[in-house]
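User: Hey, I'd like to talk through the insides of this protein. Can you pull it up?

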Amino acid sequence: MSPRGGFVSTRAKERTGPTFTFSEAALAGLAPDGGLFVPTPWPRLEDGTGPSWLGQSFPQFATVFLIPFFEGDPLEGAVGELCADAFDFEVPLRTLRPGLKVLELFHGPTAAFKDFGARFLARVLSQARQTLPGEPPIRVLVATSGDTGAAVAAAIHQVDGLEVGVLFPKGGVAPRQERQLTCWDGNVRSFAVRGTFDDCQAMTKQIFADRDWPASGRLTSANSINIGRLLPQAAYAAFAAARYAAEVGAPPDLLIPSGNLGDAVAAFWARHLGFPIGRIVLVTNANTVVPDWYRTGRWDPRRSVRTLANAMDVGDPSNMERLLALYPERPALLDGSDAVSVSDATIEQSIARVDREWGYVVCPHTATALHVAMDRSAPHQIVYATAHPAKFDEIVEPIIGRSVPVPPALAELLGRPTRVTEVEASAGAVKRVWP
Ligand SMILES: *Cc1c(COP(=O)(O)O)cnc(C)c1O
C-alpha cells in the first residue's frame with residue numbers, strides 16, 4: 001500500500017508521523033510541533049518539459065499542478081474552481097532582451113505577488129470551514145513587512161466565517177502600502193506595531209504558542225509559513241519555467257527578490273518536482289543573513305535593517321527551515337543556487353538603468369534581482385517582478401523623473417478611508433485590543 005500523500009512537519013523525525021491533508025495543514029498554519037509543513041511523499045507530476053503543461057492559462061496550469069497535493073482532501077474536487085476564482089488576473093512573461101525575461105507577478109488586486117497565495121489560501125480556508133459544521137469564525141493572524149497584509153486583508157475582507165488581524169511595523173512600510181493595510185472595515189483589523197517586522201513575526205509566533213486566544217474558535221496564520229500560500233507560488237515558478245523552456249529550448253535560471261524565502265522555497269519545490277529550472281538565485285537587500293550563510297555556512301539571524309526594498313527587510317527568514325528540509329546537505333543546495341545581497345544605492349541605480357535601457361519601470365524589490373541579472377553572463381534568466389512600481393511611487397518617481405500610472409484596482413484601495421490601532425510590540429497588547 002502506498003502511503004497517503006500529505007504534509008508533515010519539518011521537525012518530524014524521518015518525515016514520518018502524522019500526515020495532514022492540504023486543508024488541515026492550511027487551517028493549522030504551523031505544525032503542532034512548531035515546525036513548518038512540507039509535502040510528503042512528493043507527488044509524481046508529469047514531466048515538467050512535457051507537452052501536457054503547454055498552451056494552458058495559468059489557472060488551468062495551477063489546477064493540474066495543485067490537484068496531486070489535495071489527495072484525500074475534501075476540497076480535491078474544488079481545486080479547479082478555486083484556481084479559476086483566485087487567479088483571475090494576468091501572469092505575463094515579458095522579454096527585456098533575448099535570454100532575459102521578467103515574470104510580472106503584480107497584476108492582482110493589491111499589486112504584488114502576495115495576491116496569488118493570499119487569494120488561494122482565503123478560498124481554501126473559507127471552503128474548509130464549511131466542512132466543519134457549527135464552527136465559529138476562523139481568525140487569521142498575519143505579520144507583514146508590507147505586501148502580505150494587504151493581500152490577505154483584500155482576500156478575506158467580507159468573506160463569511162473568516163476574520164483577519166494584520167500586524168505591520170509602524171513607519172516600516174511605504175506610504176501606499178500603509179494605506180492598503182489600513183483601508184478595511186468589518187472583519188479586518190490592522191495593527192501598527194511599534195517595532196520591526198521581526199517583532200511582528202515574533203508576536204504572531206508567541207500568540208500561536210500561547211494557545212489561549214481567541215477564547216473560542218480557531219487561529220491560523222497567513223504568513224508564508226502557511227502551505228496554502230506557498231504551493232500556488234510553486235505553480236507560477238513551474239508555469240514560467242515550462243513556458244520559457246518550450247519557447248526558447250533551454251531551462252531558465254530564476255532570480256528571486258527574497259526576504260522570508262517563500263518565493264524561493266516555492267521555486268526550489270517546482271524544480272524538485274521536475275520543472276525545467278536552472279540555477280535559483282536568491283537576491284536580498286542589505287539584510288544579508290542568507291548570503292552570509294551561503295558564504296560561511298554559519299546561520300546567524302539578526303535584527304532586520306530598513307531598506308528601500310522594505311518587503312524584503314527580514315533578518316530571520318522562517319522559510320529557511322523548509323529549504324534545509326529539502327537540502328539537508330549544504331553542498332547540494334549550493335550546487336544549484338546562489339545568494340547575493342544588493343545595497344540601497346544599487347537598487348536606485350538599477351531602477352534608473354532598467355528605465356534607461358528598456359523604458360521599463362520596476363519596484364525597488366524587482367530592481368535587486370534585475371541588477372544581478374543584468375550583470376550575470378547567464379544565457380537564460382527569468383527575474384521575478386514582485387510588486388508594481390506604483391506602490392513605491394515616493395522611491396521610484398524621483399529616480400525616473402516622471403510619475404508612474406496607478407493600476408485601477410490599486411487606485412480604488414488608495415481612495416478609501418483608513419482605520420488602524422497602534423500597539424506596542426508584545427503579544428499581550430494585541431490580545432487586549434482584539435479579544
Ligand atoms: C514579500 C515580498 C518579497 C519577498 O518575498 P519572500 O517570499 O518573503 O522572500 C519581495 N518583493 C515583494 C514586493 C514582496 O512583497
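Analyst: Sure. A word on classes before we start: Ala, Val, Leu, Ile, Met, Phe, Trp, Tyr, Cys and Pro count as nonpolar, Asp, Glu, Lys and Arg as charged, and the others, Gly among them, as polar. Also, this is a predicted model.

User: OK, so by class, what is in the lining of the second largest cavity?

Analyst: Three nonpolar residues, five polar and one charged. The lining is made up of L30, Q201, T204, K205, F208, S221, N223, I225 and S318, and α7 gives the largest share, four residues. The space inside is about 80 Å³.

User: How many cavities of 30 Å³ or more are there in the whole structure?

Analyst: The search finds three. The largest has a volume of about 270 Å³. Of its 23 lining residues, F113, K114, G259, N260 and A311 are the closest to the centre.

User: And how do the residues lining that largest cavity divide up?

Analyst: Eight are nonpolar, 11 polar and four charged. Helix α9 gives the largest share, three residues.

User: Switching to pockets: what's the volume of the largest one?

Analyst: About 460 Å³. It has 17 lining residues, with A28, L30, F208, R211 and L219 nearest the centre. By class, the lining has 11 nonpolar, two polar and four charged residues.

User: Last topic, the largest nonpolar core. Which residues touch the most other members?

Analyst: F65 and F120, out of 101 residues in that core. Helix α8 (residues 227-248) gives the most to it, with 13 residues.

User: What does F65 touch, leaving out residues up to four places away in sequence?

Analyst: L45, W53, L231, A234, A235, A238, L273 and F275. Apart from this core lies another, of 37 residues, including F106 and V361.

Note on methods
Residues are numbered from 1 along each chain as its sequence is written. This is a predicted model: local features need pLDDT of at least 70, side-chain atom pairs count only at pLDDT 80 or more; totals for chains, interfaces and linings use all residues. Side-chain values use heavy atoms; hydrogens and water are left out. A nonpolar core is a set of buried Ala, Val, Leu, Ile, Met, Phe, Trp, Tyr and Cys residues joined through side-chain atoms within 4.5 Å. Buried means under 20% relative accessible area, exposed over 50%, partly exposed in between (1.4 Å probe, protein chains only). Helices (H or I, at least four residues) and strands (E, at least two) are DSSP runs, numbered from the N terminus. Contact means heavy atoms within 4.5 Å. On a 1 Å grid over the protein atoms alone, a cavity is a set of points where a 1.4 Å probe fits but cannot get out, and a pocket is an open set with protein on both sides within 12 Å along at least five of seven lines; lining residues have an atom within 4 Å of a point. Grid points are joined across faces, edges and corners, and a volume is the space filled by probe spheres set on the points.
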